[in-house]
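Trainee: I have a model open and would like to learn how to read its features. Could you walk me through it?
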Amino acid sequence: MNIHNKSTGLPANAEGAPINEESKSSLVLDKKLSRRDMLRLTGATSLGLLLGGGGVGGIMAARNAVAEPTVASDADSIPFYGSHQAGILTPAQNFIYFAAFDLTTTKLSDVKKLMQAWTTAAASLTTGSLIGDVNDNPNLPPSDTGEVDGLNPSRCTLTFGVGPSFFDNRFGLSSKRPTLLADLPAFTGDNLDPKWCGGDICVQACADDLQVAFHAIRNLARIARGTAVLRWTQEGFQRTGTADPKGTTPRNLMGFKDGTGNPDATNEAEMNEVVWNSSSDGPSWMSGGTYMAVRRVRFRIEVWDRSSLSDQEATFGRYRHNGAPIGAKDEFDDLNLKAADASGKPVIPPDSHSALAHGDGTVKMLRRSYSISSGLDIATGQLDAGLLFISFQRDLMKQFVAIQQRLSKSDRLNEYMTHTGSAVFACFPGIRKGGYIGEALLG
Amino acid sequence: MKFTYAVPAGLLAASILFTGCASNNNSNSNTSNNNSTNAAANSTTATNTSDTTAATTADFTSAVEQYRTYVIEQCDEFVKQTENFTNAVKEAKIEDAKALYAPARMYYERIEPIAEALGDLDPNIDARENDVDAAEWRGFHKLEKALWQDNTTKDMTEVADQLLKDAQLLRAKVETVEIDANLLVTGAVELLNEVSSSKVTGEEERYSHTDLYDFVANVEGAQKIYELLKPELAKKDAELEKTIGERFTALQAELAPFKSGDGYVSYEALKEEDVRKLSQNLDALAEPLSNMGTILGV
């Protein structure tokens, strides 16, 4: 919680230096104090000592949290500002609350205002401080809805993007639409429901606490009232860090490890190749940004659960137990698609999910998916469960679409799932301190 | 029902004074309020930065008096129209009664928070079937069910007489109801919350489907309060005042296509997306409206 540094007035360390003793002492005070508490306490002479250099003014300013820049001084807070948006390369948090918005305004100035207001709010949301500055006025609704008061930021990230419809004729921005941003072509077997498709704007809220992620979307939607409305939302989960302290590859709801073949998000060169747009890829406002594909996938889990283990493994092309490719030993062993058994049959079925997704291995994308469970399908009495597939890539057509076309035609897995929702977004480059979301496009 | 309305003036003044001081302390220690471009937060910024003396000197006497006049006018008309309606019921003129039902209710819906503040009057007049014990159920919606579902006025004479008596009692009581600025502010939001929680879902008029009459009346009632508080609000937070005005206009534009003659189309004629849009426009209005309390000071 970088807020602590602010409250002590200590110099900020962008590299995430450990919290020193002085700021630790303020942890005790931080967030537990309402503004009224502070007023009551201002008489207490010992307070200044407890707080170190910053004093009362410092802690109040911190609570009011007007976006003193975020500083990662604590593993629990991920900087909102930076050259790229957070929530893309960030190791996946435990939960997601994904939201697509539609703009109801027709004025570009309103869109800009919304992005500015969201920027301010996002800076608070990602540092675990209350939004706005009216949280103690008895005559007014509090500016923050309050359900995360006292909680830590839980590695909350907020990632913003705009969909193809953002560039229709409403705002005069059609000439700024990147050619790389277009609605996806129809894929074989798609079963899309409009209620889970599209959107002018997306906000991906991820956090290690679902209440924190929900709170973010709830408050952003509240701020947007009169300018934008929610179009669809989807919450998702993974095994938590508590359940899997080693942070092994998470399993999807089919019981298989999902994400083994992901490129290395810590490899800067690879990320520049796979994820980030450069100025030569398209409009300059997307330089440092990336394209997001979102697919809501329903698993036919009841059917899957009736399949034999060998069928399941042949479907994925991997062993369920350890995620290793069939015929290999370790999860991260190479997929040897040429390996054949004594009769000359490929060891890994060519129409298995891993084989098709891998292709010739030259096309990659960064996946960041979450499991979903949305209650019962009352028509069948079966669980509406599956996957919120999310991938980030430099080029939707060359990466996501190329792979999905292969998969949709012949993936063995198609028997057990159907795509029910779909959207694409251009995720803005990072937000600079003092700037706002989408500034290069809207400014 | 949901708020207290009779706060003695002296006590209220004292609390305003007290909170006013606290607010000064707040803004002293609070040096970095440069955020908030959205409507909700805009108003909040203004609250903290504006001169708190405005709050203590704000004079709501004229607004309160004008509102009382409005309430009495609405009530007079409500009693008159209710009598026409109950007469039709008693004379077994089913079609006449159906035509008189929704328009009469509008006078009530515009001032609903006042009735809610007057104890049992609201449930007696306006309870829906499962709001109260079956034995105690009376009022408009009991007649609604008889007219639309059972298509009869049989055994309804007593209910009709009682409704008229309750309406007359409301009229008598509003003479003395204590109205203050707090009631106005809370009442306006209350009116829109009424729409949000029952009208928009079509639950209010489940047999007659005349929900749009109630919807419009609730909005008009809230707008009346906004108009009365507008001068004070403009002084305190001009942008909030403007935003609320624009959102009222936007909501009315959404409602306009559903007008039909002197009234409104059946709620059943609305498509799913029509309802969602109305609801979203209502939320867009209610959000800034809920910040009108800024005129009460801190």
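Mentor: Gladly! Keep in mind that this is a predicted model. Let's begin with a short helix, H10 of chain A, which spans residues 309–316.

Trainee: Which residues of helix H10 of chain A are buried?

Mentor: They are Gln312(A), Glu313(A), Ala314(A), Thr315(A) and Phe316(A).

Trainee: What do the buried residues of H10(A) pack against?

Mentor: Two helices of chain A: H9 (301–304) and H11 (353–358). Look also just past the end of H10(A), where Gly317(A) has a positive phi of about 80°.

Trainee: How many helices and strands does chain A have?

Mentor: There are 13 helices and nine strands in chain A. Of its 443 residues, 54% count as buried. For contacts in chain A between residues at least 6 apart in sequence, 77% link residues at least 24 apart.

Trainee: Now to chain B. How do I read a pair of packed helices?

Mentor: Two numbers describe such a pair: the angle between the helix axes and the distance between those axes. In chain B, take helix H11 (residues 211–236) and helix H12 (residues 238–255): their angle is about 160° and their axes lie 9 Å apart. Because angles over 145 degrees count as roughly antiparallel, H11(B) is roughly antiparallel to H12(B).

Trainee: Is the crossing of H11(B) and H12(B) left-handed or right-handed?

Mentor: H11(B) and H12(B) cross in a left-handed way. On the H11(B) side, the contact includes Leu212(B), Phe215(B), Val219(B) and Tyr226(B). H12(B) contributes residues including Ile244(B), Gly245(B), Phe248(B) and Leu251(B). By class, the residues of this contact are 14 nonpolar, three polar and three charged.

Trainee: And how would I read a single residue, say Ala88(B)? Where is Ala88(B) placed?

Mentor: Ala88(B) sits in helix H4 of chain B, residues 61–90. Its relative accessibility is 5%, so Ala88(B) counts as buried, the cut-off being under 20%.

Trainee: Which residues is Ala88(B) in contact with, leaving aside neighbours within four places in sequence?

Mentor: Those are Lys93(B), Asp96(B), Ala97(B) and Leu100(B). You can also check a C-alpha distance: Ala88(B) and Tyr101(B) are 13 residues apart along the chain, and their C-alpha atoms are 9.8 Å apart.

Trainee: What feature does UniProt place at residues 63–291 of chain B?

Mentor: The unreviewed UniProt entry gives "domain: Imelysin-like" for that stretch. In the model, residues 63–291 of chain B are 72% helix and 2% strand, with the end C-alpha atoms 18 Å apart.

Terms used
Residues numbered from 1 in each chain as written. Chains lettered and ligands numbered in written order. Predicted model: local features only at pLDDT ≥ 70, side-chain atom pairs only at ≥ 80, totals over all residues. Heavy atoms only, no water. Axes fitted to C-alpha atoms, helices over the stretch in contact; angles between N-to-C directions. Helix = DSSP H or I, 4+ residues; strand = E, 2+ residues; numbered from the N terminus. Parallel < 35°, antiparallel > 145°, perpendicular 65-115°, else oblique. Left-handed = near helix turned anticlockwise from the far one by under 90°. Contact = heavy atoms within 4.5 Å. Nonpolar A, V, L, I, M, F, W, Y, C, P; charged D, E, K, R; others polar. Buried < 20%, exposed > 50% of the residue type's maximum accessible area, 1.4 Å probe, protein only. UniProt positions renumbered as here; feature names shortened; annotations may be inferred.
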